Amino acid sequence: RLERPTEGLAAMRKAIRLFPNHIPAVEEAARYLIGQSAWAQLVELLQLFATLVREGTTPAEAAQAHLRA
């Protein structure tokens, strides 16, 4: 749960950059953004995630991440 949404989202983005395979951070940030109807930020988050997954994972890991996103 995010007590301070702006700081929480910044922390989640940092976590995603450092650990792009950490799906729970992406899922939690996405759930929050969906709940806030923050569609532009959601698209930005998912694009960042997709880019990081493509750059830092094996094809099998990328496929698994895309299935969960």
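Helices here are DSSP runs of H or I, at least four residues long, and are numbered from the N terminus. The model shown in every panel is predicted.

**Figure 1. The whole protein chain is a run of four helices.**
The protein chain has four helices and zero strands. Read from the N terminus, the order is α-α-α-α. There are 69 residues in the protein chain, and 33% of them are buried. About 4,700 Å² of the protein chain is exposed, with 58% of that area supplied by carbon and sulfur atoms. Consider contacts between residues at least 6 apart in sequence: 43% of these join residues at least 24 apart.

**Figure 2. Confidence varies along the protein chain.**
Mean pLDDT for the protein chain is 76. A value of 70 or more is reached by 74% of the residues. Helix α2, residues 23-35, has the highest mean among the elements, at 84. Helix α4, residues 59-68, has the lowest, at 63.

**Figure 3. Close-up of helix α1, residues 5-18.**
Helix α1 holds 14 residues, which at 1.5 Å a residue should span 20 Å. The C-alpha atoms at its ends are 20 Å apart, so expectation and model agree. Five names make up its buried set: Gly 8, Leu 9, Met 12, Arg 13 and Ile 16. Viewed down the axis of α1, these buried residues fall within an arc of 135 degrees, so they line one face of the helix. The face turned away from that buried side carries exposed residues: Thr 6, Lys 14, Arg 17 and Leu 18. An α-helix has 3.6 residues a turn, so residues three or four places apart point the same way.

**Figure 4. Arg 13 and Lys 14, neighbours with opposite exposure.**
Arg 13 sits in helix α1, and Lys 14 is found there too. Arg 13 has a relative accessible area of 16%; buried means under 20%, so Arg 13 counts as buried. Lys 14 reaches 54%; exposed means over 50%, so Lys 14 counts as exposed. Leaving aside residues up to four places away in sequence, Arg 13 touches Gln 41, Glu 44 and Leu 45. Arg 13 and Val 26 are 13 residues apart along the chain, with their C-alpha atoms separated by 8.1 Å. For Lys 14 and Ala 25, eleven residues apart in sequence, the C-alpha to C-alpha distance is 9.7 Å.

**Figure 5. Close-up of helix α2, residues 23-35.**
The 13 residues of α2 should span 18 Å at 1.5 Å a residue. Its end C-alpha atoms are 18 Å apart, which agrees. Buried in α2 are Ile 23, Ala 25, Val 26, Ala 29, Ala 30 and Leu 33. These residues cover an arc of only 160 degrees around the axis, so they lie on the same side of α2.

**Figure 6. A salt bridge within helix α2.**
The structure holds one salt bridge. Its partners are Arg 31 and Glu 28, whose closest N and O atoms are 3.1 Å apart. The two residues are three apart in helix α2, so about one helical turn separates them. Is Glu 28 buried, partly exposed or exposed? Glu 28 is partly exposed, because its relative accessible area of 34% falls between the 20% and 50% cut-offs.

**Figure 7. Ser 37, just after α2, has a positive phi.**
Ser 37 lies in the loop between α2 and α3, the latter covering residues 39-56. Its phi is near 55 degrees, a positive value in a residue other than glycine. Most residues other than glycine have a negative phi. Ser 37 has a relative accessible area of 44%, so it counts as partly exposed.

Conventions: Residues numbered from 1 in each chain as written. Predicted model: local features only at pLDDT ≥ 70, side-chain atom pairs only at ≥ 80, totals over all residues. Heavy atoms only, no water. Buried < 20%, exposed > 50% of the residue type's maximum accessible area, 1.4 Å probe, protein only. Contact = heavy atoms within 4.5 Å. Areas by Shrake-Rupley, 256 points an atom, 1.4 Å probe, with all protein chains shown as cover. pLDDT = per-residue confidence, 0-100. Expected span 1.5 Å × (residues − 1). Arc of directions from axis to C-beta. Salt bridge = Lys/Arg side-chain N within 4 Å of Asp/Glu carboxyl O.
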